[in-house]
Amino acid sequence: MTSKNSKPLNMVGGGGKHVRSHSLKSFPAVAAAVIDNRKPPDNGSGVAAAAGSDPQTAMKITSTWKQACDRTRDRTKQLLRRTMSWKSNTIIMQPEERKPDESSSTWEIHVWASWMKRYASEDESKTLDIPFKLSPLQEEKLLIFFKYYLDGDCDGFVFEHDFHQFAEKLRRFADWSPNSDEYIILKQVLTELIQVFIQCESGQNVSFTSLSTEDWLKIWCQTLSRCNVVSDMPLWLKYFQNILFKSLDSGKGEIEKSNLQRFYCTFLDSNCEEAKQVVIDAIYDSLTSNGDFKLDCDTWGHCFANWLLGTKPNGCGQWLFGKCGPTPEFFPIDYSAMNSTVDTRDTYSHKKRSDRHSIVV
């Protein structure tokens, strides 16, 4: 007897194998029996008869599938995948499909690397162990100071007395007394200048030791090789910069154009080119950025640093101690369109050729 809730047993293929249709563990055996029943028998002559044409067998297979799928609705996909391996009487368990994680990125990262060979700039020469060299413009500026401010007799050599003559000429220009604080500072700076530039061996008298232009440039090259910014300058050079500003100061905390012109006439020549009004105007405009800044102590410090460290032309301190280097040339600007009236203006038209040379932007 069977209970009301029990399912009837199905016999497949006449093999005497009784399996429960709802048992998942015994379901492969049902499939194996079905496959064995559908194999065509070999009659010895190589002719195979179709065995799956029995309607009763087809009904049993259909009912078995319906019962199995009803019991396992949520795992129907897995059952269908299992049937793919029933022909070899094996079952392959495949993992469930995972939904793609929305938080994970689907972007692919590609990295390309390339090597570029470039030449070191002058600012990188110190980090690449390349010997520091003065630019041609720096050499020209330093040689002008050597020739016109220190070498009074123009023999190409500077001695100790030449430094003292420069200090005395600067004292008279600034109208300092021999006991003034400015002149005492100037003599201390002068002593440092002599020790740095006139290097004599032991036993030699510094008064008879000369300084040539080659030694002058060599010592400046060694000094400036350790200076990347203004704060890297040695202390004697900072004091020398300040004492020069005080000698040119008119008493208002700034350098006027008349004092600068008189300075060039004193040290260069009374008939020098820098003393001309056109040239002095160009020099003063370069120092003050066309009058936008006053030539006070800070502006003078920037111009002095540019005179020392500037390697390219058209700097603010290029003509600080005399005209040197190429003259800056700018392209001309035609302002006639801005000063014209509405009637005289040539209206643009793509159908008419215009003879105008300037436009208003």
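Is T209 buried or exposed? Here are some notes to read alongside the structure, and keep in mind that this is a predicted model.

1. Let's start with T209. Its relative accessibility is 12%, and buried means under 20%, so T209 counts as buried. You'll find T209 in the loop that links helix 6 (181-197) to strand 4 (211-212).

2. What does the side chain of T209 reach? Follow it and you arrive at the backbone oxygen of N205, at 3.1 Å. If you skip the neighbours within four places in sequence, T209 is in contact with V158, F159, I198, Q199, C200 and Q204.

3. Now for a pair of helices. To describe how two helices pack, people give the angle between their axes and the distance between the axes. For helix 5 (residues 160-174) and helix 9 (residues 257-267), the axes come within 11 Å and cross at roughly 145°. The crossing of these two helices is right-handed.

4. Which residues meet where helix 5 and helix 9 pack? Helix 5 brings F166, K169, L170 and F173, and these meet N259, R262, F263, T266 and F267 from helix 9. Sorted by character, the residues of this contact come out as 5 nonpolar, 2 polar and 2 charged.

5. Stay with helix 9 for a moment. Its buried residues are N259, L260, F263, Y264 and F267. They sit on the same side of helix 9, because they cover an arc of only 140° around the axis. As for partners, the buried residues of helix 9 pack against helix 4 (136-150), helix 5, helix 8 (235-248) and helix 10 (277-288).

6. Next, a backbone detail. Most residues other than glycine have a negative phi. D175 isn't a glycine, yet its phi is positive, near 60°. Look for D175 in the loop between helix 5 and helix 6. With a relative accessibility of 68%, and exposed meaning over 50%, D175 counts as exposed.

7. Where else can you look for a positive phi of about 60°? Try N290, which has such a value although it is not a glycine. N290 is in the loop between helix 10 and helix 11 (297-309). Its relative accessible area is 62%, so N290 is exposed.

Technical notes: Residues numbered from 1 in each chain as written. Predicted model: local features only at pLDDT ≥ 70, side-chain atom pairs only at ≥ 80, totals over all residues. Heavy atoms only, no water. Helix = DSSP H or I, 4+ residues; strand = E, 2+ residues; numbered from the N terminus. Buried < 20%, exposed > 50% of the residue type's maximum accessible area, 1.4 Å probe, protein only. Polar contact = N/O pair within 3.5 Å; in protein donor to acceptor, adjacent residues only side chain to side chain. Contact = heavy atoms within 4.5 Å. Axes fitted to C-alpha atoms, helices over the stretch in contact; angles between N-to-C directions. Left-handed = near helix turned anticlockwise from the far one by under 90°. Nonpolar A, V, L, I, M, F, W, Y, C, P; charged D, E, K, R; others polar. Arc of directions from axis to C-beta.
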